[in-house]
Amino acid sequence: MGRKFFVGGNWKCNGTIEEVKKIISILNGGDVPSSDVVEVVVSPPYVFLPLVKSELRPDFHVAAQNCWVKKGGAYTGEISAEMLVNLDIPWVIIGHSERRALLGETNEFVGDKVAYALSKGLKVIACVGETLEQREAGSTMEVVAAQTKAIAEKISDWSNVVIAYEPVWAIGTGKVATPAQAQEVHADLRGWLSSNVSAEVAESTRILYGGSVNGANCKELAAQPDVDGFLVGGASLKPEFIDIIKAATVKSA
């Protein structure tokens, strides 16, 4: 059975109620492939989760952008996995490069967060990726493998995990990994999963590409055999997000 194409939209720290309602309107009116062909998840800021959940079309799902590493309590400013479950939010993004870089989240911390979120019934989009310096040093796979290993050491069931490979040098910069570069890392990452977790997990786990994906480059990227979808940043706030979702038809064809 093939891996269902997955398109996630990470809205990051953007939006007002009016802007969010406009995005919802665009998404609700979009003519996209059926949920049998593509799974669509959007990730607004925490404060807009209930609004988006209540007004977004039912075939699209909602994700939080992060959650805390353990049960709630005296952790000012944090949101627990239990709270997201209580709000009926099915997905959470964990380990995004911006949180790793700006907030110092280590590989081990990210692994712990993934494991805790899964234990509470959430599905996880787990992010990995290298900086420009690491790529230029030839250590891309070493970095990505270490990030993935920290997750693999903490979990046994991968059925609710999607990996997002996001080269840090391509996030919000307009630079995009070429289709060949994206395919190379995705294939190597799938190979790592096969060797270090299991062939079954390697075959079934979806690996997304993220990094300046837009309406112009999405089809060529989607055509790569080991690219199972996208985690989209800036373009997910624009009408072209519909075009990116439609790139799923490249796979179904």
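**Aromatic contacts around W68**

In this predicted model, W68 counts as buried, with a relative accessibility of 16%. That value falls below the limit for burial, which is under 20% relative accessible area. W68 is a convenient place to begin a tour of the ring contacts, since ring pairs link W68, Y75 and F109 into a cluster.

Five aromatic pairs are found in the structure. One of them joins W68 to Y75 in a tilted arrangement, with 4.9 Å from centre to centre and 40° between the planes. Y75 itself is partly exposed, at a relative accessible area of 31%.

A further pair brings W68 together with F109, and here the geometry is edge-to-face: the centres lie 6.2 Å apart and the planes make an angle of 65°. The angle earns that label because edge-to-face applies to planes over 60 degrees apart. The positions of the two partners are worth a look as well. W68 sits in the loop between β3 (60-64) and α3 (81-86), while F109 belongs to helix α5 (residues 107-119), so this pair ties together parts that are 41 residues apart in sequence. Like Y75, which is partly exposed, F109 is partly exposed, with a relative accessible area of 26%.

A contact of another kind involves F60: R57 lies over the face of the F60 ring, at 4.3 Å from the ring centre.

Notes
Residues are numbered from 1 along each chain as its sequence is written. This is a predicted model: local features need pLDDT of at least 70, side-chain atom pairs count only at pLDDT 80 or more; totals for chains, interfaces and linings use all residues. Side-chain values use heavy atoms; hydrogens and water are left out. Rings of Phe, Tyr and Trp (its six-membered ring) pair if their centres lie within 6.5 Å; planes under 30 degrees apart count as stacked, over 60 as edge-to-face and the rest as tilted. Buried means under 20% relative accessible area, exposed over 50%, partly exposed in between (1.4 Å probe, protein chains only). Helices (H or I, at least four residues) and strands (E, at least two) are DSSP runs, numbered from the N terminus. A charge sits over a ring if NZ of Lys or CZ of Arg is within 6 Å of the ring centre and within 35 degrees of the ring normal.
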